[in-house]
Amino acid sequence: KMNSSPPAVRPRLDYLDATRAFALILGVVFHASLAFLPIFIGWPVQDVSTSEAVGPFLTISHAFRLELFFLLAGFFGHLTLRRQGMAAMLKSRAIRIILPFICGWFLLRPLVVSGWVMAHTFHQPDFSFWPCILSGFRDLQQLPAGLWVGTHLWFLYYLALISALVLVGRQSLKAFPTAFGFCSQAADRAVKFMSTSGWALPVALVILVPLLSQMQGWGVDTPDKSLVPHGPALLLYGSFFGLGWLLDRQPDCITNFSRLTGSRGVMAGLGIGVTLYLGRFQLDPSHPHHALAHHGYNVGYAIMMWSLVWLTIGMFRRWCDQPRPGVRYLADSSYWMYLIHLPIVIWLQVAVAELALPAVLKLGLISGVTIAIALSTYDLFVRSTWIGWVLNGRRRDRALLRFGRRPNSEAAVFS
């Protein structure tokens, strides 16, 4: 009698863990940079040391880091559904997205608000840290006017919303088996085309440029002011989520998508150059070519977005395709790091704003200290506790501050 072997399980894709960690850590540096813009944008503080290089960095990083995150979320979401079924998928989304969104909002929004309070009182003789914190929590009395908005946690709201729409659409279509089979085959063919054809970029532009043209500003809007979905942002992030979802159906496609080629590097450079050059017209609406520059900006921005998403995955596939304990640790901690980083960043920005030091030094200091605090709190209070189970699907032994405990080298797949 022959023993039937279980279906093969795809090994953990370490480079995608590394890519996800990079996208989230880049968000930390992104927010830390906002205080060093030469132009005041309504951030709690504008540092005395500004830098002309911050604007280009913010433009480039904002063009692809969240798109990359949503693509990976879609990829691992479908992986969870495929391996564990619908019930496990729904449980995972509720525990790992909705619960952190709700609990995190009540804890993190007051801390973020305290940063605004601190920025106005830091140099007063009677300044004290804890009254600023308490002022932030008193701000919760304004509910429900400010319910759920005003923090960086909006990305969890959109991730939950997009996941729900995809699952509802999938289940509705499955009620019609013939149509479901036809649509699945058509989607697989489309993804395979986009992963191998030289026409992938023009097709992507046909989708991305119209969405960018519907944004209120230049680039991608940050939809953090209302629970009413921001249509263009929802469609943009939903497109990358859906693409990641479909990529998991065909293992070879993401490899083809993320291949590193000279032409892709050239297109990324072209998109960046066009975007940064035409972005100069954004602050001059009276310029006779302002509208034309905006259209060209959208094209360059879309090229930059598409190219950098796939080049980033490709670079991590080339250099981080083998298990590395440090990379896995960062991947496991990056979700917690991104959740808690914003109030820490703002407090540090306020503290160093008046110091006569170079902007790059202070930016490195703020980013480094924030990451160090996040990693320390993750190791002490998250990794081996129920919070780690909520965020990462399981508890793990401490690694940095283990106090004699042996670290567990295994890490769960992000889903």
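This tour moves through a predicted model, naming what to select at each stop and what is found there.

**Stop 1: a salt bridge between H1 and H13**

Select Asp14 and Arg328, whose side chains form a salt bridge with the closest N and O atoms 2.9 Å apart. This pair links distant parts of the chain, since Asp14 belongs to helix H1 (residues 14-33) and Arg328 to helix H13, 314 residues apart. Is Asp14 buried or exposed? Asp14 is buried, because its relative accessible area is 6%, under the 20% limit. Arg328 also counts as buried, at 17% relative accessibility. The model has 7 salt bridges by the rule used here, and further examples follow.

**Stop 2: two salt bridges at the loop between H9 and H10**

Next, select Arg82 and Asp248, which form a salt bridge with the closest N and O atoms 3.0 Å apart. Arg82 is in helix H3 (residues 65-84), while Asp248 is in the loop between helix H9 (231-247) and helix H10 (251-257), so the salt bridge ties together parts of the chain that are 166 residues apart in sequence. The two partners can be compared by their accessibility. Arg82 is partly exposed at 41%, whereas Asp248 is buried at 1%.

Now add Asp188 and Arg249 to the selection; their side chains meet in a salt bridge of 2.8 Å, N to O. Asp188 lies in helix H7 and Arg249 in the loop between H9 and H10, so this pair joins parts that are 61 residues apart in sequence. Asp188 is buried, with a relative accessible area of 18%, and Arg249 is partly exposed at 35%.

**Stop 3: a salt-bridge network**

Select Asp332, Arg383 and Arg396, which are joined into one network by salt bridges that share partners.

**Stop 4: the second largest pocket**

Display the second largest pocket, which has a volume of about 460 Å³. Which of its 18 lining residues are the closest to its centre? They are Cys103, Gly104, Leu107, Trp336 and Ile340. Colouring by helix is useful at this stop: helix H4 (86-121), helix H13 (325-352) and helix H15 (386-392) each supply at least two residues of the lining. Helix H4 gives the most, with 7 residues. Colouring by residue class shows 17 nonpolar residues and 1 polar residue in the lining, with no charged residues.

**Stop 5: a nonpolar patch on the surface**

Turn to the surface and select Phe193, Trp199, Val203, Val206 and Ile207. These residues form a nonpolar patch, with about 510 Å² of accessible area together. Helix H8 (residues 200-213) gives the most to the patch, with 3 residues. Where is Trp199? Trp199 is in the loop between helix H7 (177-196) and H8. Trp199 counts as exposed because its relative accessibility is 61%, over the limit of 50%.

**Stop 6: two buried residues and their distant partners in sequence**

Select Ser92, which is part of helix H4 and is buried at 11% relative accessibility. Then add Asn392: although Ser92 and Asn392 are 300 residues apart along the chain, their C-alpha atoms are separated by 9.7 Å.

Finally, select His62 in helix H2 (residues 54-62). His62 is buried, with 13% relative accessibility. Leu26 is 36 residues away from His62 in sequence, and the two are 9.3 Å apart in space, C-alpha to C-alpha.

Methods:
Residues are numbered from 1 along each chain as its sequence is written. This is a predicted model: local features need pLDDT of at least 70, side-chain atom pairs count only at pLDDT 80 or more; totals for chains, interfaces and linings use all residues. Side-chain values use heavy atoms; hydrogens and water are left out. On a 1 Å grid over the protein atoms alone, a cavity is a set of points where a 1.4 Å probe fits but cannot get out, and a pocket is an open set with protein on both sides within 12 Å along at least five of seven lines; lining residues have an atom within 4 Å of a point. Grid points are joined across faces, edges and corners, and a volume is the space filled by probe spheres set on the points. Helices (H or I, at least four residues) and strands (E, at least two) are DSSP runs, numbered from the N terminus. Ala, Val, Leu, Ile, Met, Phe, Trp, Tyr, Cys and Pro count as nonpolar, Asp, Glu, Lys and Arg as charged, and the others, Gly among them, as polar. Patches are made of residues with over 30% relative accessible area and no salt bridge: like charges are joined within 9 Å, nonpolar side chains (Val, Leu, Ile, Met, Phe, Trp, Tyr) within 5 Å. Accessible areas come from the Shrake-Rupley method with a 1.4 Å probe; for residues, only the protein chains shown count as cover. A salt bridge is a side-chain nitrogen of Lys or Arg within 4 Å of a carboxyl oxygen of Asp or Glu. Buried means under 20% relative accessible area, exposed over 50%, partly exposed in between (1.4 Å probe, protein chains only).
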